[in-house]
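Here is a structure for a few questions on one helix, the ligand and the salt bridges. Please look at the sequence and the model before reading on.

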Amino acid sequence: MKKSIGLLIVLSLMVSAGLFAGGQEEEKAPASPMDVEQVVLTDKAPSGDLELFSWWAGDEAPALEALIKVYESKYPNVNVINATVTGGSGVNAKAVLKTRMLGGDPPETFQVHAGQELIGTWVAANRMLDLTPLFEKEGWMDVFPKDLINLIGTDKGIWSVPVNIHRSNVLWYIPDNLKKWGVEAPKTWDDFFTVAETLKSKGVVPLAVAQTWTVNHLWESVALGVLGADDYEALWNGEISWTDPRVVKVWETFGKILSYTNMDAASLSWQQATDMVVIGDAAFNVMGDWAAGYLSTTLNIEPGSGYGWAPSPDTSGVFIFLADSFGCPKGTNNPDATLSWLKVCGSKEGSDTFNPLKGSISARTDSDLSLYNVYSQSAAKDFAKDRIVGSLAHGVVANEGFMNDFSTVMEMFLTSRNAQQAANACQAIAIQNGIGK
Ligand code: GAL
């Protein structure tokens with residue numbers, strides 16, 4: 001399988017820096033922390049520093065802060081350093097993390113998406129500790145869905161603890177605004193094109209988007225809508241070529257949708273795109289349900305009466321999922337503190353404290369839904385009955401190499417709007433990054 005150029009560079013840097021445990025490292029002294037493969041559970045009360053690395057800063061911080069409070073009440077001797085690098089979907093944090101990991105300065109724990117973002121990057125580079133003993137001790141093998149454990153595990157171990165389930169394919173709107181403009185939330189992209197003309201004639205932007213990752217985010221919803229769940233999944237296991245006419249049609253539809261979006265997208269954060277919807281400059285936004293966290297927790301708007309939601313057009317009955325998780329990198333200063341943090345992340349109390357504020361649902365099957373608002377309750381209901389597929393933009397179905405290259409293709413498409421060219425470029429990067437092989 002061919003690896004991405006990016007990953008090859010990372011791996012060769014790690015080898016030359018002596019960070020890669022395996023193969024040529026066999027002569028190294030056995031006591032190196034890099035040689036330890038699995039976490040060791042102890043009964044010792046943890047102390048010292050716990051540096052938590054994530055991109056949950058500013059508007060996105062309340063849920064993490066609440067989880068840290070739960071942690072601090074249980075482990076008062078640990079000094080939590082909440083190290084955040086701002087930027088939605090980790091656009092900046094992931095680059096900083098890479099520098100730190102390669103520089104031999106890993107935080108005690110870091111945010112990472114379940115799926116290929118974890119497995120294809122840090123696990124492939126042998127940088128994480130196997131958490132199987134923790135999962136067994138905490139009874140998590142029975143509490144987390146099997147499919148999710150498969151996404152955070154390999155035949156060699158389990159590599160992170162999921163804190164949530166987010167839904168990616170959600171269309172957000174303000175019911176009062178739609179009423180004022182005389183339109184309804186579109187169920188299909190064809191409906192959207194009709195509604196969009198009405199909105200345009202009233203001087204309203206039909207669909208708000210922001211910086212490039214949010215456009216990638218929109219793309220996966222459009223791809224699912226145009227292809228359907230079977231063909232969407234076939235893209236990731238290589239059964240459909242990226243140059244197939246069905247996939248070219250995704251780019252064509254996507255280009256048409258983009259013609260109904262705001263011009264200043266590149267300079268906006270995802271929250272600012274949501275703000276456009278709230279203040280009535282735009283009618284809709286396709287964003288993950290961290291938008292529900294932002295609308296409810298940060299802006300204090302009531303779900304249902306104050307803001308509304310629907311599956312993104314043409315995706316009713318399908319749930320594009322992603323999960324944030326935390327793991328234990330090799331070579332941290334304080335693995336005991338990391339383990340105690342992971343325990344809280346995976347616990348019922350931690351999960352049901354964090355998720356109602358975050359807009360996500362618990363990754364545990366025993367969560368107390370009475371603690372969640374009507375949006376999250378509806379997401380939980382859909383998660384239980386819908387067909388589940390993985391997110392591209394948030395690390396589930398493709399590795400970081402593909403995702404980085406996909407962003408470059410997207411930048412190109414935003415300028416050229418050439419569907420066939422984008423499809424051809426995607427075929428090349430899929431081969432290069434081992435997608436579907
Ligand atoms: C996603 C992450 C969410 C949320 C979002 C916006 O990648 O999984 O928890 O933080 O980015 O930043």
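Q: Which residue follows α15, and what is the sign of its phi?
A: This is a predicted model, in which local features need pLDDT of at least 70 and side-chain atom pairs count only at pLDDT 80 or more, while totals for chains, interfaces and linings use all residues. Residues are numbered from 1 along each chain as its sequence is written, and side-chain values use heavy atoms, with hydrogens and water left out. Helix α15 covers residues 348-358 (helices are DSSP runs of H or I, at least four residues; strands are runs of E, at least two; both numbered from the N terminus). The residue after α15 is G359, and its phi, near 95°, is positive.

Q: How much of the ligand does the protein bury?
A: A polar side-chain atom of K358 is 2.8 Å from a ligand oxygen. Taken alone, the ligand exposes 310 Å² (Shrake-Rupley method, 1.4 Å probe; for residues, only the protein chains shown count as cover), and the share buried by the protein is 100%.

Q: Why does the salt bridge of R167 and D382 tie together distant parts of the sequence?
A: A salt bridge puts a side-chain nitrogen of Lys or Arg within 4 Å of a carboxyl oxygen of Asp or Glu, and here the closest N and O atoms are 2.9 Å apart. R167 belongs to strand β7 and D382 to helix α16, so the parts joined are 215 residues apart in sequence.

Q: Which residues does the salt-bridge network join?
A: K385 pairs with D386 in a salt bridge, N to O 3.3 Å. Through shared partners, one network joins R167, D382, K385 and D386.

Key: A polar contact is a pair of N or O atoms within 3.5 Å; within protein, one must be able to donate a hydrogen and the other to accept it, and residues adjacent in sequence count only if both atoms are side-chain atoms. Buried means under 20% relative accessible area, exposed over 50%, partly exposed in between (1.4 Å probe, protein chains only).
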